[in-house]
Amino acid sequence: MQKPEWLKVRLLNEDLNRMEAFLKSMSLNTVCQSANCPNMGECFARKTATFMIMGNICTRNCRFCAVEKGHPQPLDEDEPRRIAEAAQKLGLKHVVVTCVTRDDLPDGGASHFAKTIYELKKFPGVTVEVLVSDFMGKEESIAQVVEAKPDIINHNVETVPRLYPMVRPKADYLRSLNLLKKSKELNPYIITKSGIMVGLGETEEEVIQVMKDLRSVDCDMMTIGQYLRPSAKHIEVAEYVTPQQFKRYEEIGYELGFKYVASGPLVRSSYHADEGLKVTKS
């Protein structure tokens with residue numbers, strides 16, 4: 001299936017090379033690189049990136065994701081400090097931190113997330129958004145992250161429940177909803193966020209139901225973007241959703257009560273994340 005014009009992006013090689021060299025010098029990973037994000041050139045040009053902690057090898061086998069699967073390396077205990085140092089050197093005011101899923105760790109990596117948040121919060125004026133895994137539903141792990149007081153806790157439900165066995169077989173839709181619900185219960189002031197991909201074979205009615213489910217657990221922000229197949233080994237694209245349909249999802253999201261909705265073909269969960277925080281806090 002040929003990509004439509006609205007999905008074609010221009011790569012800024014000079015900015016890409018400069019940012020990649022910087023990240024390599026700091027021994028850091030970004031989800032931008034590991035997941036082949038289509039916005040990588042634009043974001044790197046803006047000196048923004050989503051740092052990916054706990055290595056670049058995931059313990060799950062989600063069929064939509066380009067991140068490598070396998071047996072991860074031990075945690076790098078100095079990584080949280082280097083993340084904070086890199087954010088300072090880049091002059092970032094809003095820092096997004098995500099991770100590979102680490103089901104091999106007893107707490108799913110929650111303590112490593114917390115350490116990273118604490119390191120970043122040492123710098124006045126810096127806001128922190130964490131895009132977390134589901135921690136296998138362990139409430140003590142969710143609590144560890146919430147207690148570190150990130151400004152936003154993001155956890156993507158990724159797709160509609162019907163497609164979970166095909167798209168993310170090791171995940172659980174209700175477990176993901178519960179993580180967002182529990183985060184809000186532990187700290188009613190924390191901003192919660194989630195996102196899905198479309199173009200996997202879902203219906204409009206199913207997408208709207210996901211929106212309603214997220215609002216039922218008081219989720220504040222939502223992102224909706226087009227699924228793009230990373231390689232021939234991954235799930236095929238069922239449909240290229242039109243910009244008009246993305247606009248309709250955005251309008252429905254606001255009608256349902258989300259404080260911020262980013263919906264578009266190239267939208268990803270951390271795309272222009274700082275703008276979403278400003279809108280939500282205003």
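1. Annotated cysteines. The UniProt annotation "binding site", from an unreviewed entry, covers Cys58, Cys62 and Cys65. The model discussed here is a predicted one, and the annotation comes from the record rather than from the coordinates. Cys62 lies in the loop between strand E3 (57-58) and strand E4 (68-69), and Cys65 is also placed in the loop between E3 and E4.

2. Surroundings of Cys62 and Cys65. Cys62 counts as buried because its relative accessibility is 16%, and the cut-off for buried is under 20%. Neighbours within four places in sequence aside, Cys62 is in contact with Lys69, Val167 and Arg168. For Cys65, the contacts are Pro230 and His234, again without residues up to four places away in sequence.

3. The loop before E3. Met54 is found in the loop between strand E2 (50-53) and E3. The phi of Met54 is positive, near 70 degrees, and Met54 is a residue other than glycine. Is Met54 buried or exposed? Met54 counts as buried, because its relative accessibility is 3%.

4. The chain as a whole. The protein chain has 11 helices and 10 strands. Of its 282 residues, 57% count as buried. Take the contacts between residues at least 6 apart in sequence: 74% of them join residues at least 24 apart. Points 5 and 9 give single cases of residues brought together in this model, with Trp6 and Gly264 at 9.9 Å and Leu186 and Ala143 at 7.1 Å, C-alpha to C-alpha.

5. The start of the chain. Trp6 sits in the segment before helix H1 (13-25). In sequence, Trp6 and Gly264 are 258 residues apart, while in space their C-alpha atoms are 9.9 Å apart. Which residues does Trp6 touch, not counting residues up to four places away in sequence? They are Tyr240, Val241, Thr242, Pro243, Pro265 and Leu266. Trp6 counts as partly exposed, because its relative accessibility is 34%.

6. Helix H4. H4 (residues 79-90) has 12 residues. From its first C-alpha to its last it reaches 16 Å, close to the 16 Å expected at 1.5 Å a residue. The buried residues in H4 are Glu79, Pro80, Arg82, Ile83, Ala84, Ala86, Ala87 and Leu90. An α-helix has 3.6 residues a turn, so residues three or four places apart point the same way. Just after H4, Gly91 takes a positive phi of about 70 degrees.

7. H4 against H5. Two packed helices are described by the angle between their axes and the distance between the axes. The axes of H4 and helix H5 (residues 110-120) come within 8 Å and cross at roughly 35 degrees. The crossing of H4 past H5 is right-handed. On the H4 side, the residues that meet H5 are Glu79, Pro80, Arg81, Ile83, Ala84 and Ala87. On the H5 side they are His112, Lys115, Thr116, Glu119 and Leu120. What kinds of residue make up the contact of H4 with H5? Five are nonpolar, two polar and four charged.

8. Helix H6 and the loop before it. Phe135 lies in the loop between E6 and H6. Phe135 has a positive phi of about 50 degrees although it is not a glycine. Phe135 is buried, because its relative accessible area is 3%. In helix H6 (residues 139-147), the buried residues are Ser141, Ile142, Ala143, Val145 and Val146. The cover over the buried residues of H6 includes H5, strand E6 (127-131), strand E7 (152-154) and H8. H6 is followed by Lys149, with a positive phi near 60 degrees.

9. Leu186 and H6. Leu186 is placed in helix H8 (residues 173-186). Neighbours within four places in sequence aside, Leu186 is in contact with Ile142, Ala143 and Val146, and these three are among the buried residues of H6. Leu186 and Ala143 are 43 residues apart in sequence, and 7.1 Å apart in space from C-alpha to C-alpha. Leu186 itself counts as partly exposed, because its relative accessibility is 39%.

How values were computed. Residues numbered from 1 in each chain as written. Predicted model: local features only at pLDDT ≥ 70, side-chain atom pairs only at ≥ 80, totals over all residues. Heavy atoms only, no water. UniProt positions renumbered as here; feature names shortened; annotations may be inferred. Helix = DSSP H or I, 4+ residues; strand = E, 2+ residues; numbered from the N terminus. Buried < 20%, exposed > 50% of the residue type's maximum accessible area, 1.4 Å probe, protein only. Contact = heavy atoms within 4.5 Å. Axes fitted to C-alpha atoms, helices over the stretch in contact; angles between N-to-C directions. Left-handed = near helix turned anticlockwise from the far one by under 90°. Nonpolar A, V, L, I, M, F, W, Y, C, P; charged D, E, K, R; others polar. Expected span 1.5 Å × (residues − 1).
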